[in-house]
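Thanks, everyone, for making the time; I would like to walk through one structure this morning, going from an enclosed space to a strand and the core around it. Please have the sequence and the coordinates open while I talk.

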Amino acid sequence: MPPSETLDLSRLRPVLPSPLQPAEDDRFARHGVRLLLKRDDLIHPDLPGNKWRKLSPNLRAAAGRTVLTFGGAYSNHLRATAAAGRLLGFPTVGVVRGDELADRPLNPSLARCAADGMTLRFVDRTTYRAKADPEVLAGLLSAFGECCVIPEGGSNALAAQGCTELGHELRGRADVVAVACGTGGTLAGLAAGLAPGQRALGIPVLRGGFLGDAVRELQYEAFGGPAGSWSLDERFHFGGYARTTPQLHAFADDFEQRHGLPVERLYVAKLLYALTALAEEGTFPSGTTVAAVITGRPWSPLMSTMR
């Protein structure tokens, strides 16, 4: 696709606004709290949830040029970017953390990226940590020519601006809107899009305590300064990114049985666990409506969508 052409994302037929569904749950009801599920996982089979909201403005800006982005060996973001390239006909490059993976068979997640046409470049972890360094980035770009660079997780100013629509869709629908956070782009835009009096709550899935600064920086880049009301609760990462425990899996299994919702374990399960714990702690006053943003769905290599 020539870069001058406009990228028409509407032909992917996203489901927008995403459904907002009540979830009758006694663990919330006995505290006078109403739980809603914002089913962003239903937006698109290959670009669900915040992947659609963050990628779509970046892909429009790329306008058909090669997209180069970053992720780990099981990155949802890499899979979504590769799928977008396949569906819309533009080249993609994935810079993958861990050069030790280069000589191994591709895991199912990276195999899906490759099958969707993504060129994979494996780099050592020191280089990956320095990926924003101009010299490191210039070295990558020299290998692939002119590219539109999207950061890890897709979180940049355009992504935050894209996620304001999530807040707009929830205006007047909930008192607190909660979302699991990796790189902070969804929370930054969600908070900006909510109405005065509403609050966004982020549940980080990584350890380290860095996310507050990341959200503030994204809001400055996207909106010129602080936007909306938001906070973080950093107690529910279960050991860090991609870490889970038997307790978390048992909770997710139970939630699936209660509500018929397939619960993705690395983000969504931690969010729902956190909200259940906060309700039990009395964090939400009686009469509060809480909306949980379901940003993705469980993935398996057997999934076949829009192929």
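The structure holds one cavity of 30 Å³ or more, where a cavity is a set of points, on a 1 Å grid over the protein atoms alone, at which a 1.4 Å probe fits but cannot get out, the points being joined across faces, edges and corners and the volume being the space filled by probe spheres set on them. I should say at once that this is a predicted model, in which local features need pLDDT of at least 70 and side-chain atom pairs count only at pLDDT 80 or more, while totals for chains, interfaces and linings use all residues. Residues are numbered from 1 along each chain as its sequence is written, and side-chain values use heavy atoms, with hydrogens and water left out.

The largest cavity encloses about 40 Å³ of space, and its lining, meaning residues with an atom within 4 Å of a point, consists of Gly182, Pro204, Leu206, Arg207, Gly208, Gly209, Phe210, Leu211 and Glu234. That lining divides into four nonpolar, three polar and two charged residues, with Gly counted as polar and Pro as nonpolar.

Now to strand β10, residues 289–293, strands being DSSP runs of E with at least two residues, numbered from the N terminus. Five of its five residues are buried, so β10 is largely enclosed by the rest of the structure, buried meaning under 20% relative accessible area with a 1.4 Å probe, protein chains only. Thr289, Ala291 and Val293 point one way from β10, and Val290 and Ala292 the other way. Strands count as paired if DSSP finds at least two bridges between them; β10 pairs in the parallel sense with β2 (residues 34–38) over five bridges, and with β7 (residues 176–181), again in the parallel sense, over three. Lysine 38 stands opposite valine 293, and alanine 178 has alanine 292 as its bridge partner.

What surrounds leucine 275? Setting aside residues up to four places away in sequence, leucine 275 touches Phe28, Leu35, Ala178, Leu201, Phe284, Val290 and Ala292, a contact being heavy atoms within 4.5 Å. In the largest nonpolar core, of 34 residues, Leu37, Leu272, Leu275 and Phe284 touch the most other members; such a core is a set of buried Ala, Val, Leu, Ile, Met, Phe, Trp, Tyr and Cys residues joined through side-chain atoms within 4.5 Å. Helix α11 gives the most to this core, with ten residues.

Note on methods: Buried means under 20% relative accessible area, exposed over 50%, partly exposed in between (1.4 Å probe, protein chains only). Helices (H or I, at least four residues) and strands (E, at least two) are DSSP runs, numbered from the N terminus. On a 1 Å grid over the protein atoms alone, a cavity is a set of points where a 1.4 Å probe fits but cannot get out, and a pocket is an open set with protein on both sides within 12 Å along at least five of seven lines; lining residues have an atom within 4 Å of a point.
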